[in-house]
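Trainee: I've got a new model to go through and I'd like to start with the sheet. Can you put it up so we can talk it over?

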Amino acid sequence: MVRFSAFTLACFLGWMTLTGCGTLPSQAQTVTPVASGDLESQVLDIIRNNPEVILESLQNYQRQQQDQQRQAQQRVLDQLSQDPKAMIGQSPTLGSPSQAIVLLEFSDYQCPFCARAHEVLKVFMERNGDRVTLVYKHFPLTEIHNEALPAATAAWAAQQQGRYWDFHDALFAQQSRLGEARYREIAQDLGLDVEQFNRDRTSPAALLAVNGDRELALQLGLRGTPSLFLNGQPLELPITVESLESLVANLTP
């Protein structure tokens, strides 16, 4: 059985009142300051005697939050469909410059599922890059991947020297070796100015760019990686080259 402290329950009731999640019965509104044990007893009595009020308030609050999230997501998706160039911004792109068909990818360099999707997308773009624009957005899951953010800022730094996609491929090719030594090694292999690379990847601009992508992902309600959108429509995973080509064929006049 779940147990609540007096402090937690008091905060819960105060939260409900402040957020307008329903009106508590009069007995809940007339509680006066009492000792901790008495307060917990009173709060538990209120919940036991009026469970439907608590449940209804929580359900109303959850519905409001879900509606707001759906509206925010739809605004972002509408923008992506109507004005893809604005949504792309300074993100790296690969393939057709026309941006008539845009495949938007949110990904994490340390995510094994992203590495698998990368292999599919690589083949797909080799075969369809004349009509599809692939856009990469950083969504490092820093809570579970400690190298996701450093890898993302390193890739951004490579982009500043025009070698983003080569660096991108190298990160996924040796995903198990991500780390400071590997980032410098890739930069040297690609002939980058390593001093500039190190300055760029540790700069506020790099963090700002990555966090901008992550904020967009959160506005879309994304919870994991990879996440893909084709002309503003979310795609179901897993993907294959054939499934992507079938979707693109339906978009091509």
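Trainee: How many bridges join strand 2 (residues 102-107) to strand 3?

Mentor: Bear in mind that this is a predicted model, so local features need pLDDT of at least 70 and side-chain atom pairs count only at pLDDT 80 or more, while totals for chains, interfaces and linings use all residues. Residues are numbered from 1 along each chain as its sequence is written, and side-chain values use heavy atoms, with hydrogens and water left out. Strands here are DSSP runs of E with at least two residues, helices are H or I runs of at least four, and both are numbered from the N terminus. Strand 2 and strand 3 run parallel, and the bridges joining them number six.

Trainee: What hand does the crossover from strand 2 to strand 3 have?

Mentor: The chain leaves strand 2, passes through helix 6 (residues 112-128) and arrives at strand 3, a β-α-β arrangement. Point the strands away from you: if the path from the first strand over the helix to the second runs clockwise, the crossover counts as right-handed. This crossover is right-handed.

Trainee: In what order do the five strands sit in the open sheet?

Mentor: Two strands pair if DSSP finds at least two bridges between them. Strand 1 (residues 93-95) and strand 3 pair antiparallel over three bridges, with Thr-93 bridging to Val-135, and strand 2 and strand 4 are antiparallel too, over four bridges. The pairing is mixed and the order is 1-3-2-4-5.

Trainee: Which strands does helix 6 touch as it packs on the sheet?

Mentor: Contact means heavy atoms within 4.5 Å. The direction of helix 6 makes about 160 degrees with that of strand 2; axes are lines fitted to C-alpha atoms, for helices over the stretch in contact, and angles run from 0 to 180 degrees between N-to-C directions. The strands touched are strand 1, strand 2, strand 3 and strand 4 (227-230).

Trainee: How many of the six residues of strand 3 are buried?

Mentor: Buried means under 20% relative accessible area, exposed over 50% and partly exposed in between, with a 1.4 Å probe on protein chains only. In a regular strand, side chains alternate between the two faces of the sheet. Here Thr-133, Val-135 and Lys-137 cover one side and Leu-134, Tyr-136 and His-138 the other, all of them buried. So by that definition, the count for strand 3 is six of six.

Trainee: Which residue in strand 4 stands opposite Phe-106?

Mentor: Strand 2 has six of its six residues buried, with Val-102, Leu-104 and Phe-106 pointing one way and Leu-103, Glu-105 and Ser-107 the other. Towards strand 3, Leu-104 stands opposite Val-135. Towards strand 4, Phe-106 stands opposite Ser-227.

Trainee: How far apart are the ring centres of Tyr-109 and Tyr-136?

Mentor: Rings of Phe, Tyr and Trp (its six-membered ring) pair if their centres lie within 6.5 Å; planes under 30 degrees apart are stacked, over 60 edge-to-face and the rest tilted. The count comes to six aromatic pairs. Tyr-109 and Tyr-136 are stacked, with 20 degrees between the planes and a centre-to-centre distance of 5.3 Å.

Trainee: Where in the chain do Tyr-109 and Tyr-136 sit?

Mentor: They link distant parts of the chain, 27 residues apart. Both are buried. Tyr-109 lies in the loop between strand 2 and helix 6, and Tyr-136 in strand 3.

Trainee: Which residues form the aromatic cluster?

Mentor: Tyr-164 and Trp-165 are both buried. The cluster also takes in the stacked tyrosines, Tyr-109 and Tyr-136. Its full list is Tyr-109, Tyr-136, Tyr-164, Trp-165 and Phe-172.

Trainee: How many residues are in the largest nonpolar core?

Mentor: A nonpolar core is a set of buried Ala, Val, Leu, Ile, Met, Phe, Trp, Tyr and Cys residues joined through side-chain atoms within 4.5 Å. Among the members touching the most others are Leu-103, Tyr-109 and Phe-124. The core has 38 residues.
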